[in-house]
Amino acid sequence: MARHHPNKAINAAIEYAMENGWRFVKSGPRAHAYGKLYCPARERGACLHVVYGTPTNPEKHARQIRWRVDHCPHCPDEDAEEE
């Protein structure tokens with residue numbers, strides 16, 4: 001597992017997003033955000049989630065990342081394929 005973020009919970013959420021097809025792009029040294037997550041849809045209007053370097057509540061931020069991945073309207077719903 002590659003290390004993307006210094007916080008374990010946020011790093012696990014980033015890994016979860018990447019396993020689901022999202023792309024992580026780390027910000028530059030002068031950026032306020034730590035990085036950005038982009039959904040698999042490579043089109044205008046696709047989902048984007050900013051990953052903060054030092055959020056007030058890292059566990060909540062990690063939950064928000066996972067929620068965003070799970071509720072992305074551009075990702076194919078695996079449950080729909082099983083029916």
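The exercises below work through a predicted model of a protein, each with a solution in steps.

Residues are numbered from 1 along each chain as its sequence is written. Because the model is predicted, local features need pLDDT of at least 70 and side-chain atom pairs count only at pLDDT 80 or more, while totals for chains, interfaces and linings use all residues; side-chain values use heavy atoms, with hydrogens and water left out.

**Exercise 1. Overall layout**

State how many helices and strands the protein has, and give their order along the sequence.

Step 1. Helices (H or I, at least four residues) and strands (E, at least two) are DSSP runs, numbered from the N terminus. The protein has three helices and three strands.

Step 2. Along the sequence, these follow the pattern α-β-β-β-α-α.

Step 3. Buried means under 20% relative accessible area, exposed over 50%, and partly exposed in between (1.4 Å probe, protein chains only). Of the 83 residues, 33% count as buried.

Step 4. The accessible surface (Shrake-Rupley method, 1.4 Å probe, where for residues only the protein chains shown count as cover) comes to about 5900 Å². Carbon and sulfur atoms hold 48% of that surface.

**Exercise 2. The strands**

Find which strands pair, and in which sense.

Step 1. Two strands pair if DSSP finds at least two bridges between them. Strand E1 (residues 23-26) and E2 run antiparallel and are joined by four bridges.

Step 2. E2 also pairs with E3 in the antiparallel sense, again over four bridges.

Step 3. Follow glycine 35 of E2. Glycine 35 is the bridge partner of lysine 26, and in E3 the bridge partner of glycine 35 is valine 51.

Step 4. Now look at the two faces of E2. Gly35 and Leu37 make up the covered face, and Lys36 and Tyr38 the uncovered one.

**Exercise 3. Two aromatic residues in the strands**

Decide whether phenylalanine 24 and tyrosine 38 are buried, partly exposed or exposed, and list what each touches.

Step 1. Phenylalanine 24 lies in strand E1. Its relative accessibility is 15%, so it counts as buried.

Step 2. Contact means heavy atoms within 4.5 Å. Not counting residues up to four places away in sequence, phenylalanine 24 touches His4, Ile14, Met18, Tyr34, Gly35, Lys36, Leu37 and Val51.

Step 3. Phenylalanine 24 and lysine 36 are twelve residues apart along the chain, and their C-alpha atoms are separated by 5.8 Å.

Step 4. Tyrosine 38 is found in strand E2. With a relative accessible area of 26%, tyrosine 38 is partly exposed.

Step 5. Leaving aside neighbours within four places in sequence, tyrosine 38 is in contact with Trp22, Arg23, Val25, Cys47 and Leu48.

**Exercise 4. Helix H2**

Compare the expected span of H2 with that in the model, then explain how its buried residues are arranged.

Step 1. The expected span of a helix is 1.5 Å times one less than its number of residues. For the 13 residues of H2 this gives 18 Å, and the end C-alpha atoms are 18 Å apart, which agrees.

Step 2. The buried residues of H2 are Pro58, His61, Ala62, Ile65 and Val69.

Step 3. Seen down the helix axis, these buried residues fall within an arc of 100°, so they line one face of H2. The arc is that of the directions from the helix axis to the C-beta atoms.

Step 4. On the face turned away from the buried side are the exposed residues Arg63 and Trp67.

Step 5. The cover over the buried residues includes H1, strand E2 (35-38) and strand E3 (48-51).

Step 6. Take histidine 61 as one case: its relative accessible area is 3%, so it is buried. Leaving aside neighbours within four places in sequence, histidine 61 is in contact with Ile10, His49, Val50, Val51, Tyr52 and Pro55.

**Exercise 5. Helix H1 and the core**

Name the buried residues of H1, and say what H1 gives to the largest nonpolar core.

Step 1. Ile10, Asn11, Ala13, Ile14, Glu15 and Ala17 are buried in H1. The buried residues of H1 pack against E1, E2, E3 and H2.

Step 2. A nonpolar core is a set of buried Ala, Val, Leu, Ile, Met, Phe, Trp, Tyr and Cys residues joined through side-chain atoms within 4.5 Å. The largest one has 17 residues, and Trp22, Leu37 and Val51 have the most contacts inside it.

Step 3. Helix H1 (8-19) and helix H2 (58-70) are the elements that give two or more residues to this core. H1 gives the most, with four residues.
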